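Q: I have a protein model in front of me and do not know how to read it. Can we go through some of its features in turn?

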Amino acid sequence: LKDVVLTGGQTALALDPGAAAALTSLGVTPALVGAAVANPDGSLGFPVTRGRVNATTLGGTIDHGGGISLTAGATVVRLTDFRIDTKAAQLTAVINGGARAAILDLDLAAPKVTVDGTTITVGNVPGTLTQGAADALNGAFGVTAFTKGLKLGVARAIIGVVIAEFIGSTAGIGYLIGILSSEFAIAGAVALTLVLMVTAMVSMKLIDLLQRRVAPWYREDAA
């Protein structure tokens, strides 16, 4: 097993009260863009559109839809197409439809990781403003209040996962099941489905081992 493919879900950002107060004092109004949603708990939700993470190194990227806009008078800054880089521990965004830049540094020192079936939840990930983002926002709004390390909030990602070898392939069990089903070869498709079920059980065990690697303390806390 090399990669884990991410198949939907959401990353939610709970805005830090201090950051929210700072935006208000500066006359900057945040708003949701595109597919982003306001969650019932008050956090901002950004749907996961795709992603792939190495099961051994945990390095990879997670792409999101939607975004946020920051408006003060006639000045509007749109941050969209968020991407989490787990290796660099950063969140990047496309700024006003142009270049992509690092917006947040992510603190992955003590994430809270839980696994439920094929869903992984990673919480307790603080996000702080990067120097580049602080400079860009200060320049756009004509202020000096944005600084590197300003805590914007705490992120929580709820992500569906599948094993990469079964997605978008032109060979292997998943591919053969699709071919047999399209040809109404039901017996063969069922047989391979049973094989796939056994493989899935093994795969979930590997995901459990991944959890132990990311958060070895979790099972002790849950006990």
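A: Start with one residue and its place in the chain. Asn 96 sits in the loop between β8 (90-95) and β9. The model is predicted, and every value below is computed from it.

Q: Is Asn 96 buried, partly exposed or exposed?

A: Such a label depends on a cut-off: under 20% relative accessible area is buried, over 50% is exposed, and the range in between is partly exposed. Asn 96 has a relative accessible area of 46%, so Asn 96 is partly exposed.

Q: What is there to note about phi of Asn 96?

A: Look at the sign of the angle and at the residue type. For Asn 96, phi is near 50 degrees, which is a positive value in a residue other than glycine. Asp 81 is another case, with phi near 55 degrees. Asp 81, however, is placed in strand β7. Its relative accessible area is 36%, so Asp 81 counts as partly exposed.

Q: Which elements does the protein contain, and how many of each?

A: The protein has five helices and twelve strands. Of its 223 residues, 35% are buried. The accessible surface is about 11,600 Å², and carbon and sulfur atoms hold 63% of that area.

Q: What share of the contacts joins residues 24 or more positions apart?

A: Take the contacts with a separation of 6 or more as the whole. Residues 24 or more positions apart account for 56% of them.

Q: How do I read the surroundings of one residue, say Gly 67: where is it placed, and is it buried or exposed?

A: Find the element, then the accessibility, then the contacts. Gly 67 is in strand β6. With a relative accessible area of 0%, Gly 67 falls under the 20% limit and is therefore buried. Beyond its neighbours within four places in sequence, Gly 67 is in contact with several residues, including Ala 31, Phe 46, Leu 79 and Phe 82. Gly 67 and Leu 79 are twelve residues apart in sequence, and their C-alpha atoms are 5.5 Å apart.

Q: How many aromatic pairs does the whole structure have?

A: A search of the whole structure finds one. The ring centres of Phe 46 and Phe 82 are 4.8 Å apart and the ring planes stand at 75 degrees, so the pair is edge-to-face. The angle cut-off used for that name is over 60 degrees. The pair links distant parts of the chain, since Phe 46 is in strand β4 and Phe 82 is in strand β7, 36 residues apart. Both Phe 46 and Phe 82 are buried.

Q: What is the volume of the second largest pocket, and which residues are closest to its centre?

A: For a pocket, read the volume and then the lining. The second largest pocket has a volume of about 340 Å³. Its lining has 25 residues, and Leu 13, Ile 68, Phe 82, Leu 104 and Leu 152 are the closest to the centre. Strand β1 gives the largest share of the lining, four residues. By type, the lining has 22 nonpolar residues, three polar and no charged.

Q: Where does Asp 107 lie, and what is it in contact with?

A: Asp 107 lies in the loop between β9 and β10 (112-116). Its relative accessibility is 38%, so Asp 107 counts as partly exposed. Apart from neighbours within four places in sequence, Asp 107 is in contact with Asn 124, Val 125 and Pro 126.

Definitions and conventions: Residues numbered from 1 in each chain as written. Predicted model: local features only at pLDDT ≥ 70, side-chain atom pairs only at ≥ 80, totals over all residues. Heavy atoms only, no water. 1 Å grid on protein atoms, 1.4 Å probe; cavity = no way out; pocket = protein on both sides within 12 Å on 5 of 7 lines; lining within 4 Å. Points joined across faces, edges and corners; volume = space filled by probe spheres on them. Helix = DSSP H or I, 4+ residues; strand = E, 2+ residues; numbered from the N terminus. Nonpolar A, V, L, I, M, F, W, Y, C, P; charged D, E, K, R; others polar. Phe/Tyr/Trp six-rings, centres within 6.5 Å; stacked < 30°, edge-to-face > 60°. Buried < 20%, exposed > 50% of the residue type's maximum accessible area, 1.4 Å probe, protein only. Contact = heavy atoms within 4.5 Å. Areas by Shrake-Rupley, 256 points an atom, 1.4 Å probe, with all protein chains shown as cover.
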